[in-house]
Each structure stands twice: as structure tokens, then as C-alpha cells.
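Got a structure in front of you and wondering where the labels come from? Let's go through some of them one by one.

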Amino acid sequence: MATVAYSLYALGIDFYSYSTRELLGSDKKFWAKLLRDQGVLFVLVYCLVIPFLCLVFFYELLPWSVAPWFFIILVFEHLAQELNRLLVAMSRQLLASMVLFLRSGLWALFVVFVFWLSEDVRTIDVVFTAWALGAASACLLGASAMMQLDRDSLRSRIDWTWIRRGISIALPLLIATLAIRGVFTIDRYWVQAIAGDDVLASYVLYFGVASVIMSFLDSGVFVFIYPKMISAFKSSNREAFDKGMRQLMAQTLIVVIVLSVLAALLIHPLLAWLDKPIYTENISLLYVLLMAMSVYSISMIPHYGMYAMSFDRHIIISHVLALPCFGMLAYLFSAWTINYAIPLALCGSFGFIFAYKTVAYLSYKKKIDWALAGKAVSA
């Protein structure tokens with residue numbers, strides 16, 4: 001699953017971060033053309049990346065026996081992910097949520113159910129089959145919405161200039177995304193190295209609980225607000241943009257506070273049910289991780305403000321600098337506390353991201369000429 005997740009970055013190259021804004025700034029009658037040109041790019045990326053991914057099996061990082069499943073699932077996962085993002089950009093959030101549920105939730109529930117029914121079906125092939133069918137059904141549902149687009153614009157030629165501009169904007173954002181993913185990957189190895197397997201087990205459990213905040217915000221708040229902010233900026237509508245920012249700030253803060261309090265309270269019945277002393281002994285890890293994820297979640301307010309204004313430069317800088325910031329803080333805190341060094345380093349690096357983005361957003365917004373905002377190019 002981790003290999004599929006990281007391979008999706010290589011296939012998608014974060015091109016959606018460019019195409020989403022382009023889609024929202026274009027007349028609907030041109031949407032089919034934009035999606036076709038994006039599809040052409042993905043075909044070329046597939047031709048380059050998929051042979052490279054064969055090295056995973058050549059060097060025996062994964063057995064060749066799972067190679068067919070890997071590539072089938074990877075392609076369906078990528079297409080379903082892109083369709084989900086397009087539906088969000090097209091303000092079809094309900095359909096996007098259904099696509100996401102088919103891709104990420106329903107098939108997993110099905111596997112749990114059939115595994116509970118019979119031990120005879122508890123095989124990896126059942127998991128792969130359910131996963132592939134879930135992602136494929138998500139693709140079919142998402143594609144059905146795309147078939148409703150006006151296709152007259154498809155008569156025009158492929159716009160290679162648009163594709164090249166998109167790559168030049170998306171690749172730096174991909175580097176920024178990978179830098180953050182690096183923080184969320186290195187942390188576990190660092191915890192294991194300095195605190196051992198028992199603390200790592202607690203860390204992974206509590207990190208999963210704290211991550212619910214971002215998962216909820218992503219699916220329940222951000223996807224509904226940031227497309228409206230992009231449209232407002234593209235149409236030079238300052239009043240609508242400011243209204244979107246106020247909604248984003250209010251809803252984000254409410255979700256962060258409510259879910260943090262609920263997590264801190266409801267964890268105790270869960271720990272009583274698990275009956276594992278190691279989790280109870282390290283309960284303080286949860287509180288520090290909730291603080292870290294809260295700060296990271298709040299940093300998404302200026303993040304989406306800058307993204308909606310196509311002001312990507314400081315999003316990229318803040319994310320890239322967060323990685324060495326995390327490493328430096330983790331090193332310093334390790335000399336002071338073993339168990340809490342990494343959670344505190346997360347708090348510090350996410351605090352840096354929040355401060356950097358906030359200053360950059362406020363500074364840039366003061367300089368905007370709203371009469372020309374819709375014609376602004378990516379910074």
C-alpha cells in the first residue's frame with residue numbers, strides 16, 4: 001500500500017494543483033479540452049514512470065507475483081484520485097465524496113466483512129481483488145460525470161504550451177509535497193531509533209487518532225471552500241474571496257477545537273478496551289500530537305489563501321524548509337527528552353510553517369490590485 005501511495009506522486013506530479021485553478025478560471029465549454037490535454041500528459045507520464053517502477057520488482061523490493069495487481073491497482077487508484085480532484089474543482093463535492101468512498105472505504109469494509117464470515121477467504125488475492133474493484137468502480141462513477149461535459153472544444157488541437165506551463169508550476173509544488181511527506185515518514189523511523197518499539201507503537205496509534213483532524217478538514221471543509229475562493233480570485237471578486245477566507249478560518253478552528261477535545265476524552269474508553277499498559281503509559285504523546293496536527297491544520301488557512309491566489313512560491317519554500325527545521329529540532333529535543341522529541345519537533349516545524357505562510361499571505365494580499373487579480377499569473 002505504501003508503494004502504491006508513493007507511486008501516485010510520480011504518476012500525478014501534482015498537476016492537479018495547476019489544472020484545478022485553470023479549470024475554475026475557464027468557461028465550462030472549454031473544460032473537456034483541458035481534461036483531454038491533462039489526459040495526454042498523464043499518458044506520457046505513464047510511459048516514462050511505469051517502466052521505472054518495474055525496478056521495484058527487479059531489485060526484489062516486492063515479489064514479481066504481485067506485479068500484475070500492483071500495476072492494475074496503481075492505474076485505477078491514480079485515475080480515481082484525479083477524477084475525485086476534478087469533481088471537487090467542478091463543485092460536485094457530493095459525487096466526489098462517493099468516488100472517494102468507493103476508492104478508499106467500501107472495498108475495505110467488504111474485505112473486513114468477508115474475512116469475518118470465513119477464514120477460508122482470508123487471502124491477499126481477496127484484498128487485491130476488492131481493492132482493484134473498488135478503485136475501478138470509483139473510476140466509472142467519476143468518468144460518468146466527465147461524459148456530461150460539452151465536447152465541442154475537443155475539436156481544437158492539444159495545447160502543448162498549456163501542458164508545459166502546468167508542468168513548470170506543478171513540479172515545484174510536487175517537491176513541496178514530498179518534503180512534507182518526508183517529515184511524516186522520517187518521524188516514525190526516528191521514534192523507533194531513539195525510543196524503541198513500544199513507544200513507536202504508541203506513537204503510531206496516537207498519530208492516527210490526531211490525523212483524524214486533517215482527514216475531516218480535507219473531506220468536510222477544504223473541498224467545499226477553496227474552489228469558491230479560486231473562482232472569486234479569478235473573477236476579481238474581493239468580497240467573495242474575503243468571505244471564503246472567513247468561512248475557512250471559522251470552520252477550521254471549530255473542527256480543530258471540537259475534534260481535539262473529543263479525541264482527548266474518547267481515547268480513554270478505547271485504551272480501556274485495548275487493555276495495553278504501554279498505550280496508557282504514553283498517553284501524553286497523544287496530547288502533544290494533537291497540538292502538532294492542530295497547528296498544521298490551522299496553517300492550511302493561509303495555505304489555501306495563497307493557493308487560491310496562485311501565490312505558490314512561499315507555499316513551496318515553507319514546506320521545503322520544514323524538513324530541515326524538523327530534523328534540527330528533533331536532534332536538539334532528543335538530548336532533552338527521548339519519548340517526546342519527535343512530537344515536539346513536529347510542533348516546532350508546523351509552527352514554523354504556520355508563521356511563514358501567515359506572514360507571506362498577509363504581505364502578498366496587501367499588494368494585490370484586485371482589478372487585475374483575475375489576470376494574475378502564478379507567482
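Q: Before we start, what does "buried" mean here?
A: Buried means under 20% relative accessible area, exposed means over 50%, and partly exposed is what sits in between. Keep in mind that this is a predicted model.

Q: Which residues form a salt bridge with a closest N to O distance of 2.6 Å, and what makes it a salt bridge?
A: The partners are Arg-21 and Asp-312, with their closest N and O atoms 2.6 Å apart. The cut-off is a side-chain nitrogen of Lys or Arg within 4 Å of a carboxyl oxygen of Asp or Glu, so the pair qualifies. The two partners sit in distant parts of the chain, 291 residues apart: Arg-21 is in helix 2 (residues 16-24), while Asp-312 is in the loop between helix 13 and helix 14 (313-334). Arg-21 and Asp-312 are both buried.

Q: How do you know that Glu-22 and Arg-165 form a salt bridge?
A: Their closest N and O atoms are 3.8 Å apart, and the limit is 4 Å, so the pair counts. This one links distant parts of the chain too: Glu-22 belongs to helix 2 and Arg-165 to helix 8 (residues 160-195), 143 residues apart.

Q: Is Glu-22 buried or exposed, and why?
A: Glu-22 has 19% relative accessibility, so it counts as buried, given that buried means under 20%.

Q: And why is Arg-165 called partly exposed?
A: Arg-165 has a relative accessible area of 39%. Partly exposed runs between the 20% and 50% cut-offs, so the label fits.

Q: What about Arg-155 and Asp-152: how do you know that they form a salt bridge?
A: Their closest N and O atoms are 3.9 Å apart, and that is within 4 Å, so they make a salt bridge. Arg-155 counts as exposed because its relative accessibility is 73%, whereas Asp-152 is partly exposed at 48%.

Q: How many salt bridges does the structure hold?
A: There are 10. Salt bridges with shared partners also join Lys-33, Arg-36 and Asp-37 into one network.

Q: Why is helix 9 called oblique to helix 11?
A: The axes of helix 9 (residues 197-210) and helix 11 come within 12 Å and cross at roughly 140°. Roughly antiparallel would need an angle over 145 degrees, and roughly perpendicular covers 65 to 115, so oblique is what remains. That makes helix 9 oblique to helix 11. The crossing is right-handed.

Q: Why does Leu-266 count as exposed?
A: Leu-266 has 55% relative accessibility, and exposed means over 50%, so the label follows. This residue is in helix 11 (residues 238-274). Leu-266 also helps make a nonpolar surface patch of about 820 Å², together with residues including Met-249, Ile-257 and Val-261.

Q: What makes His-303 buried?
A: His-303 has a relative accessible area of 12%, and the buried label covers values under 20%, so it fits. His-303 is in helix 13 (residues 284-308). The C-alpha atoms of His-303 and Ile-353 are 9.3 Å apart, with their positions 50 residues apart along the chain.

Q: What makes the phi of Ser-91 worth a look?
A: Most residues other than glycine have a negative phi. Ser-91 isn't a glycine, yet its phi is positive, about 60°. Ser-91 is in the loop between helix 5 (67-89) and helix 6 (93-117), and it is partly exposed, with a relative accessible area of 48%.

Terms used: Residues are numbered from 1 along each chain as its sequence is written. This is a predicted model: local features need pLDDT of at least 70, side-chain atom pairs count only at pLDDT 80 or more; totals for chains, interfaces and linings use all residues. Side-chain values use heavy atoms; hydrogens and water are left out. Patches are made of residues with over 30% relative accessible area and no salt bridge: like charges are joined within 9 Å, nonpolar side chains (Val, Leu, Ile, Met, Phe, Trp, Tyr) within 5 Å. Accessible areas come from the Shrake-Rupley method with a 1.4 Å probe; for residues, only the protein chains shown count as cover. Helices (H or I, at least four residues) and strands (E, at least two) are DSSP runs, numbered from the N terminus. Buried means under 20% relative accessible area, exposed over 50%, partly exposed in between (1.4 Å probe, protein chains only). Axes are lines fitted to C-alpha atoms, for helices over the stretch in contact, and angles run from 0 to 180 degrees between N-to-C directions. Angles under 35 degrees count as roughly parallel, over 145 as roughly antiparallel, 65 to 115 as roughly perpendicular and the rest as oblique. A crossing is left-handed if the near helix is turned anticlockwise from the far one by less than a right angle, and right-handed if clockwise.
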